[in-house]
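I opened the model and kept notes as I went. Each entry records what I looked up and what I found.

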Amino acid sequence: EAAVHHLVAELVLLARRAPDARIARIAIDVEPRSVRIALTVDGHGRPSDEAPILGSIRDRAAELGGTLADEGDGPVRELVVEVPR
């Protein structure tokens, strides 16, 4: 639970660093064997602001045996963290 809480907090921080973002959504899906946390935000922050946060999220997910997928090419960005339960 604490690990998921920290991942959600870091994803919220990332959304707050996107100055042009108007909408951010977080969805948490709890499955029998995994937890999926998805952040959808309609903006991007400066790479220098985002890099340390993304690195921290990626490291935390990896420590838990999970992954981070960053779909950041368009105006709407989706980050998906999946970790085992």
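I needed one definition before reading strand partners: two strands pair if DSSP finds at least two bridges between them. I also noted that this is a predicted model.

**Entry: the sheet**

I looked up the strand order. I found an open sheet of 4 strands, ordered β1-β2-β4-β3, with antiparallel pairing. β1 and β3 stand at the edges with a single partner strand each, so one side of each has no neighbour in the sheet. I read an average twist of 10 degrees from one strand to the next.

Then I went through two of the pairings. β2 (residues 34–41) and β4 (residues 77–84) run antiparallel and are joined by 8 bridges. Serine 34 has proline 84 as its bridge partner in β4. β3 (residues 67–71) also pairs with β4 in the antiparallel sense, over 5 bridges. Here I noted two partners. Threonine 67 is bridged to glutamate 82 of β4. Glutamate 71 stands opposite glutamate 78, also in β4.

I kept a general reminder beside this entry. Strands of a sheet pair through backbone hydrogen bonds, either parallel or antiparallel.

**Entry: helix α2**

I checked the length of α2 (residues 47–63). The helix has 17 residues and reaches 24 Å from its first C-alpha to its last. That is close to the 24 Å expected at 1.5 Å a residue.

Which residues of α2 are buried? I listed Asp49, Glu50, Ile53, Leu54, Ile57 and Ala61. Seen down the axis of α2, these buried residues fall within an arc of 105 degrees, so they line one face of the helix. I turned to the face away from the buried side and found the exposed residues Ser48, Pro52 and Glu63 there.

Next I asked what covers the buried residues of α2. The cover includes α1, β3 and β4. α2 lies across β3 and β4, and runs at about 25 degrees to β4. Just after the helix I checked the backbone: glycine 65 takes a positive phi of about 85 degrees.

**Entry: glutamate 50**

I picked glutamate 50 from the helix α2 list. Is it buried or exposed? Glutamate 50 has a relative accessible area of 7%, under the 20% limit, so I logged it as buried. Its side chain reaches the backbone nitrogen of glycine 45 at 2.7 Å. Beyond four places in sequence, glutamate 50 touches Leu14, His44, Gly45 and Arg77.

**Entry: arginine 77**

That contact list sent me to arginine 77, which lies in strand β4. Its relative accessibility is 5%, so arginine 77 counts as buried. I looked for a polar partner and found aspartate 70. The two side chains make a polar contact of 2.8 Å.

So far I had two buried residues with polar contacts: glutamate 50, at 7%, and arginine 77, at 5%.

**Entry: proline 84**

I went back to proline 84, the β4 partner of serine 34. How exposed is proline 84? Its relative accessibility is 42%, so proline 84 counts as partly exposed. I then took a C-alpha distance. Proline 84 and arginine 33 are 51 residues apart along the chain, yet 5.8 Å separates their C-alpha atoms. Setting aside residues up to four places away in sequence, proline 84 touches Arg33, Ser34, Leu64, Gly65 and Gly66. Gly65 is the residue with the positive phi just after α2.

**Entry: aspartate 20**

Last, I looked at a loop residue. Where does aspartate 20 sit? Aspartate 20 is in the loop between α1 (2–16) and β1 (24–30). At 49% relative accessibility, aspartate 20 counts as partly exposed, because that class ends at 50%. Not counting residues up to four places away in sequence, aspartate 20 touches Asp42, Gly43 and His44. His44 also appears among the contacts of glutamate 50.

I took one more distance, to isoleucine 57. Aspartate 20 and isoleucine 57 are 37 residues apart in sequence and 22 Å apart in space, C-alpha to C-alpha. Isoleucine 57 is one of the buried residues of α2.

Conventions. Residues are numbered from 1 along each chain as its sequence is written. This is a predicted model: local features need pLDDT of at least 70, side-chain atom pairs count only at pLDDT 80 or more; totals for chains, interfaces and linings use all residues. Side-chain values use heavy atoms; hydrogens and water are left out. Helices (H or I, at least four residues) and strands (E, at least two) are DSSP runs, numbered from the N terminus. Buried means under 20% relative accessible area, exposed over 50%, partly exposed in between (1.4 Å probe, protein chains only). Contact means heavy atoms within 4.5 Å. The expected span of a helix is 1.5 Å times one less than its number of residues. The arc is that of the directions from the helix axis to the C-beta atoms. Axes are lines fitted to C-alpha atoms, for helices over the stretch in contact, and angles run from 0 to 180 degrees between N-to-C directions. A polar contact is a pair of N or O atoms within 3.5 Å; within protein, one must be able to donate a hydrogen and the other to accept it, and residues adjacent in sequence count only if both atoms are side-chain atoms.
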